[in-house]
Amino acid sequence: MSDRNGELTRALSSGSAVRGILPDLAALRLTIFREFPYLYDGRLADELNYLEQYATTPDALVATVRDAGRVIGAATGIPLAAEGAELKDPVRTTSYRVEEIYYLGELLFYQEYRNRGLGLTLLQQVEDAVRTFGDYRYLACATVQRPVDHLARPNDFVPIERFLSRTGFTALGDLVTGFTWQELDGEKRYHPMKYWIKELD
């Protein structure tokens, strides 16, 4: 499905149709994840391998925004039950059922397209689609935790947590998970990530 808003085109893809946009999605991730707070030095092959799950997992989806054919923003979603133990196991220590949670993998835009309301539009598109699945009561995500005095933090940095709070997400207590990845300086580091959750009405 797609629609037009000025020169921008939105689309929602699932199943094998996702494979056609994986290179664009990988390029988007590799560019934005180099920014703070990720500082991720990724490789295209690893990205494509990771993103393949969105083409093969039932109920997984990718929402995209294009400008003159170029993917300039995207949101990805997948059942939490289909994610790895790093994301599932901490949730199992809570009263929430993993099987009732849909995981928002990312919501990303190239810098020049931010602060234009596009994130709200894509989030709503994902939520509307997840409601049609009928099996999920919650939408969840996890955000990278960095010290407020981190040397790489830009002066104009706006934490994603502000967007999450404004759109109905709440922090899931002190629950955290974590992943290790290589940063731009070549060092591999462990990165704690905090859970956020939103009830789907």
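The following legends describe close-up views of aromatic and charged side chains in a predicted model.

**View 1. The aromatic pair of Tyr50 and Tyr54.** The structure holds 9 aromatic pairs. In the one formed by Tyr50 and Tyr54, the rings are arranged edge-to-face, with 6.2 Å from centre to centre and 75 degrees between the planes. The angle qualifies as edge-to-face because it is over 60 degrees. The two partners differ in exposure: Tyr50 is partly exposed, with a relative accessible area of 30%, whereas Tyr54 is buried, at 0% relative accessibility.

**View 2. The aromatic pair of Tyr102 and Phe133.** The rings of Tyr102 and Phe133 form a tilted pair, with centres 6.1 Å apart and planes at 45 degrees. This pair links distant parts of the chain, as Tyr102 belongs to strand E5 (residues 101–109) and Phe133 to helix H5 (residues 118–133), with their positions 31 residues apart in sequence. Tyr102 counts as buried because its relative accessibility is 0%, while Phe133, at 27%, counts as partly exposed.

**View 3. The surroundings of Tyr54.** Tyr54 lies in helix H3 (residues 53–56). Leaving aside residues up to four places away in sequence, Tyr54 touches Gly15, Val18, Ala60, Leu61, Val62, Thr76, Gly77, Ile78, Glu83, Gly105 and Glu106. With Thr76, the side chain of Tyr54 also makes a side-chain polar contact of 3.4 Å. The C-alpha atoms of Tyr54 and Ala17 are separated by 9.7 Å, and these two residues stand 37 residues apart along the chain. Tyr54 is classed as buried because its relative accessibility of 0% falls under the limit of 20%.

**View 4. An aromatic cluster and a charge over a ring.** Ring pairs connect Phe33, Tyr38, Tyr40 and Trp181 into a cluster. Shown separately is the ring of Tyr110, over which the charged end of Arg70 sits at 4.4 Å from the ring centre.

**View 5. The salt bridge of Asp128 and Arg131 in helix H5.** Side chains of opposite charge can pair when their charged atoms come close. The structure holds 19 salt bridges, including one between the side chains of Asp128 and Arg131, with an N to O distance of 3.4 Å. Both residues lie in helix H5, where they are 3 residues apart, about one turn of the helix. Asp128 is partly exposed, with a relative accessible area of 39%. Arg131 is likewise classed as partly exposed, at 30% relative accessibility.

**View 6. The salt bridges of Arg189.** The side chain of Arg189 meets that of Glu183 in a salt bridge of 3.1 Å, N to O. Arg189 counts as partly exposed at 31% relative accessibility, whereas Glu183 is buried, with a relative accessible area of 6%. A salt bridge also joins the side chains of Arg189 and Asp185, here with an N to O distance of 2.7 Å.

**View 7. A network of salt bridges.** Arg92, Arg97, Glu99, Glu100 and Arg137 are joined into one network by salt bridges that share partners.

Conventions
Residues numbered from 1 in each chain as written. Predicted model: local features only at pLDDT ≥ 70, side-chain atom pairs only at ≥ 80, totals over all residues. Heavy atoms only, no water. Phe/Tyr/Trp six-rings, centres within 6.5 Å; stacked < 30°, edge-to-face > 60°. Buried < 20%, exposed > 50% of the residue type's maximum accessible area, 1.4 Å probe, protein only. Helix = DSSP H or I, 4+ residues; strand = E, 2+ residues; numbered from the N terminus. Lys NZ or Arg CZ within 6 Å of the ring centre and 35° of its normal. Contact = heavy atoms within 4.5 Å. Polar contact = N/O pair within 3.5 Å; in protein donor to acceptor, adjacent residues only side chain to side chain. Salt bridge = Lys/Arg side-chain N within 4 Å of Asp/Glu carboxyl O.
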